[in-house]
Amino acid sequence: MRMKMADSELAERFFPRDTTHGPIPGTSEYAEFIDDQKTIINADYLRSVSKLSPVAHEIFNEVGQGAFGIISAVMPDKPLRVLDICCGAGLAIEALVNLGVPIESLTLTEQDPSLIETAVSYLGGKGYLAKIGSLKTAIFDPNTCRLSERTAGEFDLVISCNAFQHFSCEHQARLIEEIYAQLSSHGIFVMQTHLKVLTPNWRNSIIEHMKQQMEVMQADEAFVARAIRHTTRFHNFVPTADLFEWCRLAGFSVVECLFRRHIIGVIGAIK
C-alpha cells in the first residue's frame, strides 16, 4: 500500500521554503540594503514600486481599508494608540488619517534614522501630524533587538507595510509574538508583506514577473538591476499558512487574509 506523503513533505518537494535572512547591521550587506531603502522610500515611492508590481497603488488603500473595517467592528470611534513598524514614507498612516481613523498617539519605527526623517517630513508636510495627538519615533531592527526594547506601552493598532519580507522566518515569527505582547485587549495587527506563490521554480517566477512589469513601465537599466539584486538577496517570501500559524501561536484569536494578489498580501489579526 502506498503511503500518503505528509503535507509538509509535499510542500517542500514542490515549493521549497525560502531561507533568506535579513542583513545584519554593521555589515556591508546591511549598508547596501539601507541604501536601497533610501533610494526608493521618498515622495515618489508609489511611482517607484509601481514599476515592480501592478497593484502597487492598491497596497496602502487595502491596508487602510482592512484596518478601518476591523477598527469599526472592534473599537469604533476610539482614539487609537498606533504603532507603525518600518513605516517607510508614512503612506499607511496617510491612508488611516484620510479614512477618518482617530489617532491619539503615533509611534513610527524604522531601521535607519534618515528613513524616520523621511516619514516625519512627509506626514508633516501633508498636514497629517496636526491631526494626530502625539508623535514618537524609534530606531528598530527586528534582526538585532526586541520590539519592547525600542517602544514602550500598549498599542491598539500595529501596522506594518513592505517590511516583514526583509526578515527571516524566525524573526518574523518572533516579531509577531512581540507585537501581540504589546497590543491592548482586542488590539489589532494589520500587515502587508510579500507572499510565496505556488508555481514551478516559484522564486524565479516572481523575479520574471517583476521583470515583465518593469519592462511595461519602461524602468531604466539601473533600477532594474537594483530591484532584481535587492529582491534576490533580501526578500523572504513566506506562505500565507505560516503567517496564520505564527499569529495563532502568538495568541491571536482572529486571523484573516484581507487582500491577496500575486505576491502582495494583507493579513489582519485581533488579540
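The central element of this predicted model is an open sheet of 7 strands, ordered β3-β2-β1-β4-β5-β7-β6 and with mixed pairing. Its edge strands, each of which pairs on one side only, are β3 (134-139) and β6 (254-261). Two strands are taken to pair if DSSP finds at least two bridges between them, while helices (H or I, at least four residues) and strands (E, at least two) are DSSP runs numbered from the N terminus. Averaged over the sheet and with direction ignored, neighbouring strands are turned by 15° against each other; axes here are lines fitted to C-alpha atoms, for helices over the stretch in contact, and angles run from 0 to 180 degrees between N-to-C directions.

Residues are numbered from 1 along each chain as its sequence is written. Local features need pLDDT of at least 70 and side-chain atom pairs count only at pLDDT 80 or more, whereas totals for chains, interfaces and linings use all residues, and side-chain values use heavy atoms, with hydrogens and water left out.

**Within the sheet**

Strands of a sheet pair through backbone hydrogen bonds, either parallel or antiparallel. Strand β1 (residues 80-85) and strand β2 (residues 103-110) pair in the parallel sense over 5 bridges, and L83 has T107 in β2 as its bridge partner. In strand β4 sits S160, which is buried, with a relative accessible area of 0% (buried means under 20% relative accessible area, exposed over 50%, and partly exposed in between, with a 1.4 Å probe and protein chains only). Apart from its neighbours within four places in sequence, S160 is in contact with D84, I85, V190, M191 and Q192, contact meaning heavy atoms within 4.5 Å.

**Helices against the sheet**

Helix α4 (residues 59-74) lies across β1, β4 (155-161), β5 (183-194), β6 and β7 (264-270), and runs at about 160° to β5. Helix α10 (residues 240-250) lies across β5, β6 and β7, with a direction at about 155° to β6. Within α10, the residues D242, L243, F244, W246, C247 and A250 are buried, and the buried residues of this helix pack against α7, β5, β6 and β7.

Helix α5 (residues 91-98) is largely enclosed by the rest of the structure, because 7 of its 8 residues are buried. These buried residues are L91, A92, I93, E94, A95, L96 and V97, and they pack against α3 (45-49), α4, β1, β2, α6 (113-125) and β4.

**Two helix crossings**

The axes of helix α7 (residues 169-181) and α10 come within 9 Å and cross at roughly 40°, so α7 and α10 are oblique to each other. Angles under 35 degrees count as roughly parallel, over 145 as roughly antiparallel, 65 to 115 as roughly perpendicular and the rest as oblique. The crossing of α7 with α10 is right-handed; a crossing is left-handed if the near helix is turned anticlockwise from the far one by less than a right angle, and right-handed if clockwise. On the α7 side the contact is made by C169, Q172, A173, I176, E177 and Y180, and on the α10 side by L243, W246, C247 and A250. By class, these residues comprise 8 nonpolar, 1 polar and 1 charged, where Ala, Val, Leu, Ile, Met, Phe, Trp, Tyr, Cys and Pro count as nonpolar, Asp, Glu, Lys and Arg as charged, and the others, Gly among them, as polar.

For helix α2 (residues 28-40) and α9, the axes come within 11 Å and cross at roughly 130°, and α2 and α9 are therefore oblique to each other, in a left-handed crossing. Here E29, E32, F33, D35, D36, Q37 and T39 of α2 meet R226, R229, H230, R233 and F234 of α9, a contact with 2 nonpolar, 3 polar and 7 charged residues.

**Positive phi values**

The table gives residues with a positive phi and their places.

| Residue | Phi | Place |
|---|---|---|
| D77 | near 65° | loop between α4 and β1 |
| G100 | about 85° | just after α5 |
| Q218 | about 55° | loop between α8 (202-216) and α9 (221-234) |
| G251 | near 125° | following α10 |

D77 is a residue other than glycine, and at 75% relative accessibility D77 counts as exposed. Q218, which is likewise not a glycine, counts as exposed at 71% relative accessibility.
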